[in-house]
Amino acid sequence: MAAENVGTAKRVVNDVVTRSFGQSVQTGDGLVANETVITKGRSAIDIRLADQSSLSIGENSELILDDLVYGRDQNKVTGAFRMMSGAIRFASAGVPMDFLIKTPTATIGIRGTTVWGGTLDSAFEVALLESAAVT
């Protein structure tokens, strides 16, 4: 059974790899549920998720696309992803959401918003750019 495609790499800068496949990510590649995306120094990736939301992952980051599901029949995003290290920017596409961003030090509930976050030493910093988030 094939893993569900959760998004597409819209832009890849320098060295971005997936852990499970151990290969470089190229613009246009599909990304699947439970995939680990790793960016190296001076690298980044912009991902267009299945619901048209955008997820940008900055340099020296590691993110796991856990159980992220876009239910087309319900027009809703559910699930979670884990931010192990680095920085992200997430912007919803206006579709109803009920998912979590899990970090080593916090869990953030997303209900439709634009948010930036990043790990800083033993903490996670969040900047809410519009709408609301719950920690």
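**A tour of an all-strand chain**

Buried residues account for 42% of the 135 residues in the protein chain. The model is predicted.

**Whole chain.** Start with a cartoon view. There are 13 strands and zero helices. Follow the chain along its sequence and the pattern is β-β-β-β-β-β-β-β-β-β-β-β-β. Now switch on the surface. The accessible area comes to about 6,900 Å², and carbon and sulfur atoms hold 46% of it. For contacts, take pairs at least 6 apart in sequence: 40% of them join residues at least 24 apart.

**Strand S9.** Select residues 76-85, which form strand S9. Add residues 61-64, strand S7. S7 and S9 pair in the antiparallel sense, over three bridges. Which residue of S9 stands opposite Leu 63? Met 83 does.

Keep S9 and add residues 97-102, strand S11. S9 and S11 run parallel, joined by six bridges. Zoom in on Thr 78: the bridge partner of Thr 78 in S11 is Asp 98.

**The core.** Next, show side chains. The largest nonpolar core has 27 residues. Which of them touch the most other members? Select Ile 45, Leu 55 and Phe 99. Several elements give two or more residues to this core: strands S1 (5-13), S5 (44-49), S6 (54-57), S9, S10 (87-91), S11 and S12 (107-120). In soluble globular proteins, nonpolar side chains tend to be buried together.

Centre on Ile 45. What is in contact with Ile 45, leaving aside neighbours within four places in sequence? Earlier in the numbering, look for Ala 9, Arg 11, Val 12, Val 16, Val 25, Leu 31, Val 37 and Thr 39. Then pick out Leu 55, Ser 56 and Ile 57. Leu 55 thus appears twice on this stop: as a contact of Ile 45, and among the core residues that touch the most other members.

**Two loop residues.** Move to Asn 34, in the loop between strand S3 (30-32) and strand S4 (36-39). Asn 34 is not a glycine, yet its phi is positive, about 70°. Is Asn 34 buried, partly exposed or exposed? Asn 34 counts as partly exposed because its relative accessibility is 46%, and the exposed class starts over 50%.

Finish at Arg 42, in the loop between S4 and S5. Arg 42 also has a positive phi, near 55°, in a residue other than glycine. The relative accessible area of Arg 42 is 70%, so Arg 42 is exposed.

Note on methods. Residues numbered from 1 in each chain as written. Predicted model: local features only at pLDDT ≥ 70, side-chain atom pairs only at ≥ 80, totals over all residues. Heavy atoms only, no water. Helix = DSSP H or I, 4+ residues; strand = E, 2+ residues; numbered from the N terminus. Buried < 20%, exposed > 50% of the residue type's maximum accessible area, 1.4 Å probe, protein only. Contact = heavy atoms within 4.5 Å. Areas by Shrake-Rupley, 256 points an atom, 1.4 Å probe, with all protein chains shown as cover. Pairing = 2+ DSSP bridges. Core = buried A, V, L, I, M, F, W, Y, C linked by side-chain atoms within 4.5 Å.
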